[in-house]
Amino acid sequence: MFLFGRKKPDAAPAAPAVPPAADQPLKEAMREARIEAAERTSVVVDLRDAAAARLELLNEALDPVFAGVPGEVDLFDRGISRGDVPRLWIDVIAHIEMGSDKRQYRFVQDTRYGRAVLAESYDIAEIAQAVTRYVARRMVERERALADDASGRGSTLAIIEHSQRRGRWRVAGAFVVGMLAGIAVLVALALVTRP
């Protein structure tokens, strides 16, 4: 019996009929799409792991190069960063990453004008040689900068001492001028307010 278009409350509601999977093509297509996406994700992860493994091999090949760098030189901070694009960092501006085919090494340096490719090769030895030349150039630049500092240190110290002496005289002169101006203001006030 129906009351105003509804079933009687004492009747149990019927369970909705679930059509078989063959009758739900969208659900089946979504399941297949999820499986494909999972397979693609695992392929991407595998490629990323393969790139990181290749960079680790290169990192090991560079051990003798960095063993020759003196301990007091802190220009280089070598290490592998794992992310969307794994990179082997040589210093803060240069790193090695894998090319688009994930087999080619690409040694790049960030400059103020963009990224510059220093070397590209499929061979670890060629990239290791390029890194060796880069490290040598950076060490020579450091030596020149330190030599310029050492040769210019005497004249730099003289300039600093001269400017410090000059600054002391300026402070003393400003104090004297301020004191004279204060005395002049007091005398002027005394003359103006005199009964």
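**Figure 1. The whole chain at a glance.** Accessible areas come from the Shrake-Rupley method with a 1.4 Å probe, and for residues only the protein chains shown count as cover. On that basis the protein exposes about 14800 Å², and 60% of this is supplied by carbon and sulfur atoms. This is a predicted model, so local features need pLDDT of at least 70 and side-chain atom pairs count only at pLDDT 80 or more, while totals for chains, interfaces and linings use all residues. Residues are numbered from 1 along each chain as its sequence is written, and side-chain values use heavy atoms, with hydrogens and water left out. The protein has 3 helices and 7 strands (DSSP runs numbered from the N terminus: H or I of at least four residues for helices, E of at least two for strands). Walk along from the N terminus and you meet them in the order β-β-α-α-β-β-β-β-β-α. Of the 195 residues, 18% count as buried (buried is under 20% relative accessible area, exposed is over 50%, and partly exposed is in between, with a 1.4 Å probe and protein chains only). Looking at contacts (heavy atoms within 4.5 Å) between residues at least 6 apart in sequence, 42% join residues at least 24 apart.

**Figure 2. Strands β5, β6 and β7, side by side.** Strands count as paired if DSSP finds at least two bridges between them. Strand β6 (residues 105–111) runs antiparallel to strand β7 (residues 114–121), with 7 bridges between them. The two are joined by a hairpin of 2 residues. Look across from β6 to β7 and you will find Gln 109 opposite Ala 116, and Asp 110 opposite Arg 115. Strand β5 (residues 94–98) also pairs with β6 in the antiparallel sense, over 5 bridges. Here Glu 97 faces Arg 106 in β6. The hairpin of β5 and β6 has 6 residues between the strands, and in it Lys 102 takes a positive phi near 65°.

**Figure 3. Inside the largest nonpolar core.** A nonpolar core is a set of buried Ala, Val, Leu, Ile, Met, Phe, Trp, Tyr and Cys residues joined through side-chain atoms within 4.5 Å. The largest one here has 23 residues, and Ile 90, Ile 96, Phe 107 and Val 131 touch the most other members. Two or more residues come from each of α1 (25–61), β5, β6 and α3. Helix α3 gives the largest share, 7 residues. Zoom in on Ile 90: leaving out residues up to four places away in sequence, its contacts include Leu 62, Phe 66, Ile 96, Phe 107, Val 131 and Tyr 134.

**Figure 4. Arg 138, a buried residue of helix α3.** Arg 138 lies in helix α3, and it counts as buried because its relative accessibility is 18%. Not counting residues up to four places away in sequence, Arg 138 touches Leu 75, Phe 76, Asp 91 and Ile 93.

**Figure 5. A nonpolar patch on the surface.** Phe 175, Val 176, Met 179, Leu 180, Ile 183, Val 187 and Leu 191 make a nonpolar surface patch of about 720 Å². Patches are made of residues with over 30% relative accessible area and no salt bridge, with like charges joined within 9 Å and nonpolar side chains (Val, Leu, Ile, Met, Phe, Trp, Tyr) within 5 Å. One member to look for is Leu 180, found in helix α3 (residues 124–192). Leu 180 counts as exposed, because its relative accessibility is 55%.

**Figure 6. Three of the salt bridges, up close.** Across the whole structure, a search finds 7 salt bridges (a side-chain nitrogen of Lys or Arg within 4 Å of a carboxyl oxygen of Asp or Glu). In one of them, the side chains of Arg 82 and Glu 56 meet at 2.2 Å, N to O. This pair links distant parts of the chain, 26 residues apart: Arg 82 is in the loop between β3 (79–81) and β4 (87–89), and Glu 56 is in helix α1. Arg 82 is exposed at 55% relative accessible area, while Glu 56 is partly exposed at 32%. Another salt bridge brings together the side chains of Glu 97 and Arg 87 at 3.2 Å, N to O. Glu 97 is in strand β5 and Arg 87 in strand β4, so the pair ties together parts that are 10 residues apart in sequence. Glu 97 is buried, with a relative accessible area of 9%, and Arg 87 is partly exposed, with 21%. Finally, Arg 103 forms a salt bridge with Asp 101, and their closest N and O atoms are 3.9 Å apart. Both partners are partly exposed: Arg 103 has a relative accessible area of 47%, and Asp 101 has 30%.
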